[in-house]
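Here are a few exercises to work through with the model open beside you. Try each task before you read its solution.

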Amino acid sequence: MRAHVQEIVFDCAAPAALVRFWSGLLDGEPVDRRPDWSYVDPPEFVRIAFQRVPEGKAVKNRVHLDLEVADPARAAGEAVPLGAVAVGGLVTDEQGSFQVMRDPEGNEFCFVTG
């Protein structure tokens with residue numbers, strides 16, 4: 001069997017709000033398909049969708065997105081006014097740099113170089 005990724009889906013409490021955050025990061029237009037389902041089709045990336053679920057986020061994500069940027073510190077500074085929160089400081093090693101972030105519902109992602 002060969003499969004391809006159609007979309008990445010985040011469980012969340014507020015799909016319409018979360019899609020606007022992610023569309024701001026990834027430069028796509030937010031779409032509210034239903035009150036419990038929204039999505040964005042970022043340029044050169046797979047669709048990211050957001051579905052309302054009744055339970056809240058309780059633990060660290062088992063999967064997260066790494067978003068490549070030229071300058072993780074600058075990207076973090078631009079994401080914070082959108083509702084992101086930086087987790088710890090910028091980390092730099094022989095592979096490059098990364099900044100761990102959380103979206104408005106606490107989902108982890110990273111701005112990375114390298």
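**Exercise 1. Find which residues of helix α1 are buried, then look at how the helix is built and what follows it.**

Solution. Bear in mind that you're working on a predicted model. Start with the burial cut-off: a residue counts as buried under 20% relative accessible area. In α1, that picks out Pro15, Leu18, Val19, Phe21, Trp22, Ser23 and Leu26. Next, check the geometry. The helix covers residues 15–26, which makes 12 residues, and its first and last C-alpha atoms are 16 Å apart, close to the 16 Å expected. Finally, step past the end of α1: there you meet Asp27, with a positive phi near 65°.

**Exercise 2. Work out the strand order of the open sheet with 4 strands, and say which strands sit at its edges.**

Solution. Go through the pairings one by one.

- β2 and β3 run antiparallel to each other and share 4 bridges. Just 2 residues make up the hairpin connection between them. For a concrete pair, take Pro30, whose bridge partner in β3 is Val40.
- β3 (residues 37–40) also pairs with β4 (residues 47–52), again in the antiparallel sense and over 4 bridges. Here Tyr39 has Ala49 of β4 as its bridge partner.
- Put together, the order reads β1-β4-β3-β2, with mixed pairing overall.

The edges are β1 (7–12) and β2 (30–34), since each of them pairs on one side only. As for twist, neighbouring strands in this sheet are turned by 25° against each other on average, ignoring direction.

**Exercise 3. Which residues of the largest nonpolar core touch the most other members, and which elements feed that core?**

Solution. The core has 19 residues, and the best-connected ones are Trp22, Ile48, Phe50, Leu67, Met101, Phe109 and Phe111. Now sort by element: β1, α1, β4, β5, α2 and β8 (108–112) each give two or more residues. The largest share is 5 residues, and α1 supplies it.

Zoom in on Phe50 next, skipping neighbours within four places in sequence. Its contacts include Pro15, Leu18, Val19 and Trp22, and these four are also among the buried residues of α1. Others on the Phe50 contact list are Phe10, Cys12, Asp36, Trp37, Ser38 and Val40.

**Exercise 4. Where is Asp71, and which backbone nitrogens does its side chain reach?**

Solution. First, place the residue: Asp71 lies in the loop linking β5 (65–68) to α2 (72–79). Then check accessibility: because its relative accessible area is 37%, Asp71 falls in the partly exposed class. Now look at polar partners. A polar atom of the Asp71 side chain sits 3.1 Å from the backbone nitrogen of Ala73, and the side chain also reaches the backbone nitrogen of Arg74 at 3.2 Å. One longer-range check remains: Phe98 is 27 residues away along the chain, with 9.0 Å between its C-alpha and that of Asp71.

**Exercise 5. Is Gln99 buried or exposed, and what does it touch?**

Solution. Gln99 belongs to strand β7 (residues 96–102). Its relative accessibility is 6%, so Gln99 counts as buried. Its side chain has a polar partner, reaching the backbone oxygen of Val87 at 3.3 Å. Leaving out residues up to four places away in sequence, Gln99 touches Pro72, Ala76, Ala86, Val87, Gly88, Gly89, Leu90, Phe109, Cys110 and Phe111. Two names there should ring a bell: Phe109 and Phe111 came up in Exercise 3, among the core residues that touch the most other members.

Conventions: Residues are numbered from 1 along each chain as its sequence is written. This is a predicted model: local features need pLDDT of at least 70, side-chain atom pairs count only at pLDDT 80 or more; totals for chains, interfaces and linings use all residues. Side-chain values use heavy atoms; hydrogens and water are left out. Two strands pair if DSSP finds at least two bridges between them. Axes are lines fitted to C-alpha atoms, for helices over the stretch in contact, and angles run from 0 to 180 degrees between N-to-C directions. The expected span of a helix is 1.5 Å times one less than its number of residues. Buried means under 20% relative accessible area, exposed over 50%, partly exposed in between (1.4 Å probe, protein chains only). A polar contact is a pair of N or O atoms within 3.5 Å; within protein, one must be able to donate a hydrogen and the other to accept it, and residues adjacent in sequence count only if both atoms are side-chain atoms. A nonpolar core is a set of buried Ala, Val, Leu, Ile, Met, Phe, Trp, Tyr and Cys residues joined through side-chain atoms within 4.5 Å. Contact means heavy atoms within 4.5 Å.
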